[in-house]
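I opened my notebook today to look at some strand pairing and one helix contact. Here is the model I had on screen.

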Amino acid sequence: MPVNPPKNTRVTAVDMPSLQSLDFDDDETTDVNHRVRDSEISPPMEKNRRGVLVVLRGPEVGRMHGLGDAGTTIGRDKTADIRWDDKGLSRKHARIVCDGGAWVIEDLGSQNGTWVDGRRIDRSELRDGSRIALCAGVVVRFNLVDEIEERVARQLFEASTRDALMGIYNRRYFDERLAAEVSFAHRHKGWLGLLLFDVDHFKRVNDTHGHQAGDVLLAGIARKVITAIRAEDVLARYGGEELVIIVRGVPKPGLEVLGERIRRAVADAQFEHEGTKVSATISIGIATLEECDAHATGDLLVALADERLYRAKQTGRNRVCTE
């Protein structure tokens, strides 16, 4: 599987004091210049750099995964340190270790092989910027980063996947995650459900109290919903005043219970904007992958949930519809 070689390796500049600002005599200056040329002065940040993988193609593009010095396994198996549920990956696909200060990747007998910078390998040393293709659907980049670089990269990823107003996942992240969850559910014959809901008469809130009040309301509803779902459930802004939740491993009756809990939590809440109490209700449509055909996509699941959301609106609002 050929992979294009990486572009020029990035070099991190290190601030060094100006030689002119230091009080050396001629012999000392010559000695310092000699030592700089011979690279005997180690950049202070180099000692604190750690290995990471950045997803270039696959689930959650841009996400950074830290590597442990003692070894990091990659694959589809539940015990893998970094796990992607892609059928092109073997259960135990590859392992990355730090060996004597050098980072090395080993193929673990995978079916499709491990490719580093376009070359299939059994074992290969990694350099900063090396591209690793694990299968057609998963390509990552190996990087050495310091603490500041790692923190900034993680913040940028979070910003790219979060809705700025609500702090929950955005539509792009939802689309990618739903595709992965549908694939996982089909492969493992597991339950997968979707709750799609929006705010009843949201335009009336904006017209009566202003758009800032509407923003306060949406952010408050998101906070209420977060307290009602599990950590593994995925809450995202689908568009406008519509929100959506991906729920794995819960049969339809459980989804209906969850929907009612969310509906009541929102209906009972009041949110304040500039001294004015603002409240609202929501309508919810619920659909499960089991109700669709054996090869259903995420789009079909969303369409079924949207159809039931519309029915909830048509039959009075502030209700949950599962049929």
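How many bridges join strand β12 to β14, and do they run parallel or antiparallel? I found 7 bridges between β12 (residues 192-199) and β14, and the two run antiparallel. Two strands pair if DSSP finds at least two bridges between them; strands (E, at least two residues) and helices (H or I, at least four) are DSSP runs numbered from the N terminus.

A note to self on the source: this is a predicted model, where local features need pLDDT of at least 70, side-chain atom pairs count only at pLDDT 80 or more, and totals for chains, interfaces and linings use all residues. Residues are numbered from 1 along each chain as its sequence is written, and side-chain values use heavy atoms, with hydrogens and water left out.

Next I looked along β14 itself. In this strand (residues 242-248), 6 of the 7 residues are buried, meaning under 20% relative accessible area with a 1.4 Å probe, protein chains only. On the β12 side, F197 stands opposite L243. β14 also pairs with β13 (residues 234-239), antiparallel over 5 bridges, and there G239 faces E242. The hairpin of β13 and β14 has 2 residues between the strands, and G240 takes a positive phi near 60°.

Then I turned to the helices. α3 (residues 171-188) and α7 (residues 298-314) pack at about 105°, axes 9 Å apart; axes are lines fitted to C-alpha atoms over the stretch in contact, and angles run from 0 to 180 degrees between N-to-C directions. The pair is therefore roughly perpendicular, the label for 65 to 115 degrees.

Definitions and conventions:
Buried means under 20% relative accessible area, exposed over 50%, partly exposed in between (1.4 Å probe, protein chains only). Angles under 35 degrees count as roughly parallel, over 145 as roughly antiparallel, 65 to 115 as roughly perpendicular and the rest as oblique.
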